[in-house]
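The following exchange sets the values for a structure against the definitions that give them their names.

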Amino acid sequence: MVILGIVAVCVVLAVLAFVVPRLSRHPQRGTQRTLGAGARAGGKAPGILGRAFSKPFHSSSKAVGRSGSAGWRARGHMPF
């Protein structure tokens, strides 16, 4: 269920970045900040568990950043 949520957020951010690039920055940063907080909280677990708990949040944050930048790049390649 969480994976579907992250995929939905990535799709919404990519569409938002394509349609209105300036307005997409704030939601993207907010989403990355929230995922970063989850990664920091998961990283407080000791040893290998800390890395294992924080990794999904780090990879989700990278995915959100990539989807936003993909929308901006696609917008830049438009002929009009």
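Q: What makes two rings an aromatic pair, and how many pairs does the count give?
A: Rings of Phe, Tyr and Trp (its six-membered ring) pair if their centres lie within 6.5 Å. By this rule the count is zero aromatic pairs. The model is a predicted one, in which local features need pLDDT of at least 70, side-chain atom pairs count only at pLDDT 80 or more, and totals for chains, interfaces and linings use all residues. Residues are numbered from 1 along each chain as its sequence is written, and side-chain values use heavy atoms, without hydrogens and water.

Q: Why is H1 called roughly parallel to H3?
A: The axes of H1 (residues 2-19) and H3 (residues 48-76) come within 7 Å and cross at roughly 25 degrees. Angles under 35 degrees count as roughly parallel and those over 145 as roughly antiparallel, so H1 is roughly parallel to H3.

Q: Which residues make the contact of H1 with H3?
A: Contact means heavy atoms within 4.5 Å; among the residues making it are Ile6 and Leu13 of H1 and Val64 and Trp72 of H3. By class, this contact has 12 nonpolar, four polar and one charged residues.

Q: Why are H2 and H3 called roughly antiparallel?
A: The axes of H2 (residues 21-42) and H3 come within 7 Å and cross at roughly 170 degrees. H2 and H3 are therefore roughly antiparallel to each other.

Q: What places Arg25 over the face of Trp72?
A: A charge sits over a ring if NZ of Lys or CZ of Arg is within 6 Å of the ring centre and within 35 degrees of the ring normal. Arg25 lies over the face of Trp72, at 4.1 Å from the ring centre.

Terms used: Axes fitted to C-alpha atoms, helices over the stretch in contact; angles between N-to-C directions. Helix = DSSP H or I, 4+ residues; strand = E, 2+ residues; numbered from the N terminus. Parallel < 35°, antiparallel > 145°, perpendicular 65-115°, else oblique. Nonpolar A, V, L, I, M, F, W, Y, C, P; charged D, E, K, R; others polar. Phe/Tyr/Trp six-rings, centres within 6.5 Å; stacked < 30°, edge-to-face > 60°.
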